[in-house]
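This report covers a ligand site, two pockets and some unusual backbone geometry. The sequence and structure come first.

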Amino acid sequence: MIPYLGSSKLEHFRPDPFSFIKELKKSRSLFPVIDLSIGAPNRPTPSWILESLKNSIEVTRYHTYPPQEGSPELRRAISDWYKTRFDVDLDPEKNVLVTIGTKEALFNSIQAMINQGDSVLVPDPGYPTYFDASYFAGAKVLTYNPTSSEDILINQIEQTVKSYNVKILIINFPSNPTGSIVSLSFYDALSELSHKYSFLVFSDIAYIDIVFDGLRCHSYLQANPSLTNSVEFFSFSKTYNMAGWRVGAMVGDERVISLVKLYKSKVDSGVFYPIQLAAVSALKETPDSYYKDLKEEYQRRRDKLTEYLITAGLSFLLPKGAMYVWVKVPKGTDCWNYVRDLHNYAGIVTVPGIAYGWSGTDHVRIGLVQEIDVLSEAGRRICEYHLNYRRLSQ
Ligand code: PLP
């Protein structure tokens, strides 16, 4: 027998739901496929951001290795953004680190901070990197349900940190995949707990600008202006349609920022300078109307798709933000079989909920990542599958 070549840690990642989807897409479907699996915006990056890249790409001095901590221009722009948006003060030198997207930042921060056997408390369901990075660092992974009411959630977190040696709590609101959000008073209560029990809070605000029904989302740092024990992860990918650019940032507690900076200096060499300057344009030049339109567009998509899901008899949580609908699979099936059936008989690609933690075995995630007419067609086919094909085949 050929011995397994990879690191034993990689065994944690099997079966991999995303490889399953890739294989599925190669197989036959009754319809031309509509892909609602990947969490990437379908629209192009705005023109003023592209212009900025064009203007700096030929400057020779930008062609060398960029500064490890990020360009001064981008660190300053992020600090200004926090001041304007949330009235939070960040020192660009000490409290801001430019990263190759949020995924990298989360993964590397956990490697930089965790010792074998420390505990990390993560949302389940939650973004897969929280689990993957924690397993890779040798952490004990504990979970909480991000859709619980705020009182229950605070209580649950307190009971867990009292019983285990939790070093990091990860929060993500608006949540991928559930679309749930929390109030500023929840963050106040959490900040109190983090000081009382001395754990770090990692707040992932990848979807901060995608929130519906006139609701508002907050930065965790608003509840903790001293920044002690608090780190926030900022993404350009979703708000500015820049998923392929690979640029992001982490901000907050100077002690964590400098440790992650050291760790990253062993692993990567930063983000291409012109991309960082384009990210500055995203923060500085994007008009208010853009943010308003963005929210309205995703809300229209949510409303359209969920109308069909209701007709199909499916149950789901109505998302208050982010760009997904977290749907319970029908009785008698599981997430793997349901994803396969939706692909084979309706031509719709979704993600098996297990990708987001054990609580997802009976859910799938549907992304609002196509234009509204395409989502309507997807909704129509899901209805058709449920109301005709599935019923008849049972
Ligand atoms: N955090 C969450 C909650 C996400 O859903 C994603 C991407 O889907 C990321 C982070 C990664 O974003 P980035 O493109 O900045 O690495």
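## Backbone, ligand and pockets

P174 lies in the loop between β5 (166-171) and α7 (184-197). Helices (H or I, at least four residues) and strands (E, at least two) are DSSP runs, numbered from the N terminus. The model is predicted: local features need pLDDT of at least 70, side-chain atom pairs count only at pLDDT 80 or more, and totals for chains, interfaces and linings use all residues. Residues are numbered from 1 along each chain as its sequence is written, and side-chain values use heavy atoms, with hydrogens and water left out.

The peptide bond from F173 to P174 is cis, with omega near -5°. P177 also sits in the loop between β5 and α7. The bond leading into P177 from N176 is cis, with omega near 15°. S198 is not a glycine, yet its phi is positive, at about 55°. This residue belongs to the loop between α7 and β6 (200-204).

N176 also takes part in ligand binding geometry, through its side chain. The table lists polar contacts of the ligand (pairs of N or O atoms within 3.5 Å).

| Ligand atom | Protein partner | Distance |
|---|---|---|
| oxygen | K103, polar backbone atom | 2.9 Å |
| oxygen | N176, side-chain N or O atom | 2.8 Å |
| nitrogen | D204, side-chain N or O atom | 2.5 Å |

Taken alone, the ligand exposes 400 Å², and the protein buries 93% of that. These areas come from the Shrake-Rupley method with a 1.4 Å probe. The ligand is surrounded by 14 residues, each with a heavy atom within 4 Å of it. T102, D204, Y207, S237 and K238 are the closest. By class, this shell has four nonpolar, six polar and four charged residues. Here Ala, Val, Leu, Ile, Met, Phe, Trp, Tyr, Cys and Pro count as nonpolar, Asp, Glu, Lys and Arg as charged, and the others, Gly among them, as polar.

Which space does the ligand take? It is the largest pocket. A molecule sits in a pocket if more than half of its atoms lie within 2 Å of the pocket's grid points. On a 1 Å grid over the protein atoms alone, a pocket is an open set of points where a 1.4 Å probe fits, with protein on both sides within 12 Å along at least five of seven lines; lining residues have an atom within 4 Å of a point.

The largest pocket has a volume of about 1400 Å³. A volume is the space filled by probe spheres set on the points, which are joined across faces, edges and corners. The lining counts 47 residues, and F18, Y127, P128, T129 and D132 are the closest to the centre. α1 (17-26), α4 (102-113) and α5 (128-136) each supply at least two lining residues. The lining divides into 24 nonpolar, 11 polar and 12 charged residues.

The second largest pocket has a volume of about 260 Å³. It is lined by 13 residues, with W81, T84, R85, D288 and Y291 nearest its centre. Two or more lining residues come from each of α3 (72-86), α9 (273-285) and α10 (288-311). α3 gives the largest share, five residues. By class, this lining has four nonpolar, two polar and seven charged residues.

How values were computed: A polar contact is a pair of N or O atoms within 3.5 Å; within protein, one must be able to donate a hydrogen and the other to accept it, and residues adjacent in sequence count only if both atoms are side-chain atoms.
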